[in-house]
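Please open the model in your viewer and keep the selection tool at hand.

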Amino acid sequence: QSLGEALLPVDYQVSGVNMNADHELQSSIGPLRAGHCNCAEGIAHEMCMGMAMLDATGSIERQDEFIGQFIRYVVTHEVGHTMGLRHNFKGSSWKSVEQILGNKDEHAPTCGSVMDYNTPLFAANPEDQNIFVSSAAGPYDLWAIEYGYRTTDDEFSSEEELRTSITSRCAEPGLAYATDEDTMFFAPDPLVNRWDTASCPIEFAKQRLAMVKQLQANIEGWAVKEGESYNELRKTFDLLLFEIGRASSFAARYVGGQYVSRDHKGDPDARDPFVIVSVEKQRESLNFLIEKIYAVDAFNISPELLNKLAAGRWGHWDTDSFDSMIDYPIHDRIAAAQYWSLFHLLNPATIGRVYDAEAKVPSDEDALTVPELMGKVAEAIWSEVADAPGSGLTNRKPYINSIRRNLQRRHLEVMINVVLSDPGRVMPADAHAIARMTLKKLSSRIGEALEVKAKLDDFSHAHLDESKARIDKALEAEFSL
């Protein structure tokens with residue numbers, strides 16, 4: 001594996017279940033498949049989430065309504081393709097979470113385009129639930145169809161005049177557009193995603209994580225019924241972890257983000273082709289991930305629940321109830337859910353855009369910098385080494401818990417791969433130097449923690465000792481000829 005390949009995302013796959021929270025984006029690293037639509041594939045997951053929410057909130061009587069809206073959405077989406085419309089993965093950026101949840105008219109679109117991959121939003125209180133998913137043609141769809149099918153008339157006598165009158169509207173609300181190639185893995189616009197909903201990915205992620213927390217609170221009570229296999233509980237648990245990973249990866253895309261527009265010079269309210277995401281929004285994204293995904297207590301799951309996550313033992317072409325790993329690999333699952341947002345923060349494209357933004361943001365304005373990004377991520381993920389270990393540590397009550405140790409290893413993997421790459425080849429040379437400095441500081445702090453090793457539990461001692469050795473060897477290897 002080359003160092004360039006080492007900086008690409010890792011696809012964590014355990015027990016035959018792909019826990020990659022961004023699998024569609026990863027597949028787009030390869031060649032685009034012209035005309036390919038995997039809307040139905042994603043709908044399967046969305047339907048499972050929806051039915052889980054209805055079941056958990058005692059609203060299962062609305063399942064026909066829920067399914068009917070999704071059938072109408074899929075049909076409208078695919079008919080759009082037959083009329084020549086491409087995917088529009090920026091259509092969901094039209095309305096806020098509040099506006100979408102407040103819509104009571106199923107014929108009124110809340111997404112700019114039905115050609116987006118639309119996901120349902122669920123109200124915390126089922127009595128406040130109105131429409132589940134936008135299934136009506138949106139303003140972008142009508143605009144695109146007008147461009148493709150309208151002919152000259154008394155208002156516009158020439159094709160050129162007609163085309164100009166239509167295309168010059170691209171800055172209007174609801175007409176935002178980005179298609180398949182705009183969702184390539186390293187694409188800069190945080191509003192261009194498959195299977196998100198709402199104008200702010202952070203608000204969507206907050207809403208999604210709140211929903212997951214609500215469902216997890218009593219998951220054993222609703223996810224598996226009397227007489228059913230506990231494998232139903234396991235599948236539902238996996239479903240919710242996937243949601244955490246995917247939603248957090250959407251929020252992470254604000255860091256180093258740039259809004260991309262296709263406006264032409266002279267269009268009404270024309271925007272610049274690129275607009276750097278505000279530093280406030282980037283820091284909000286970073287703080288959200290630190291508090292909700294990387295925190296020490298981000299994944300507190302009871303042993304009682306984990307011991308009920310039974311494997312499926314029935315393998316057949318018409319079932320998904322088979323797990324090659326019988327026991328539940330909780331550490332691997334959580335590591336996968338955390339990894340995708342972490343990779344979004346530290347991959348070469350994000351770091352490169354953060355670095356370039358220092359030239360693209362006026363010098364008298366604040367901006368997120370590479371030292372701030374790398375430093376803040378390292379400080380949050382390794383927060384334990386900032387304080388001396390307390391007393392009473394044991395292998396059952398360690399200084400650094402097992403979930404955090406796994407997260408710290410993933411962080412080191414990414415950072416060490418950066419340091420071992422050639423400066424300026426896959427990442428700006430300045431960023432490479434900052435990565436090296438970040439690891440050097442981390443090694444020093446780990447060393448300070450190890451000085452009080454008599455107080456450390458064996459797990460934390462071994463983990464810190466190994467981590468420091470890996471960092472130091474990587475820093476040495478960088479300069480070997």
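The tour below goes from the nonpolar cores to one pair of packed helices.

This is a predicted model, in which local features need pLDDT of at least 70 and side-chain atom pairs count only at pLDDT 80 or more, while totals for chains, interfaces and linings use all residues. Residues are numbered from 1 along each chain as its sequence is written, and side-chain values use heavy atoms, with hydrogens and water left out.

Select first Tyr294, Leu345, Leu346, Met374, Leu439 and Leu464, which have the most contacts inside the largest nonpolar core, a set of 108 residues. Such a core consists of buried Ala, Val, Leu, Ile, Met, Phe, Trp, Tyr and Cys residues joined through side-chain atoms within 4.5 Å, where buried means under 20% relative accessible area (1.4 Å probe, protein chains only). Helix α10, residues 231–252, gives the most to this core, with nine residues; helices here are DSSP runs (H or I, at least four residues) numbered from the N terminus. A second, separate core of six residues includes Ile100, Ala198, Phe204 and Phe250.

Next, show helix α8 (residues 201–216) together with α10: their axes, lines fitted to C-alpha atoms over the stretch in contact, come within 8 Å and cross at roughly 165°, on a scale that runs from 0 to 180 degrees between N-to-C directions. That makes α8 roughly antiparallel to α10, a term for angles over 145 degrees.

To see where they meet, select Phe204, Leu209 and Val212, among others in α8, with Phe237, Leu240 and Phe250, among others in α10, contact being heavy atoms within 4.5 Å.

Note on methods:
Buried < 20%, exposed > 50% of the residue type's maximum accessible area, 1.4 Å probe, protein only. Helix = DSSP H or I, 4+ residues; strand = E, 2+ residues; numbered from the N terminus. Parallel < 35°, antiparallel > 145°, perpendicular 65-115°, else oblique.
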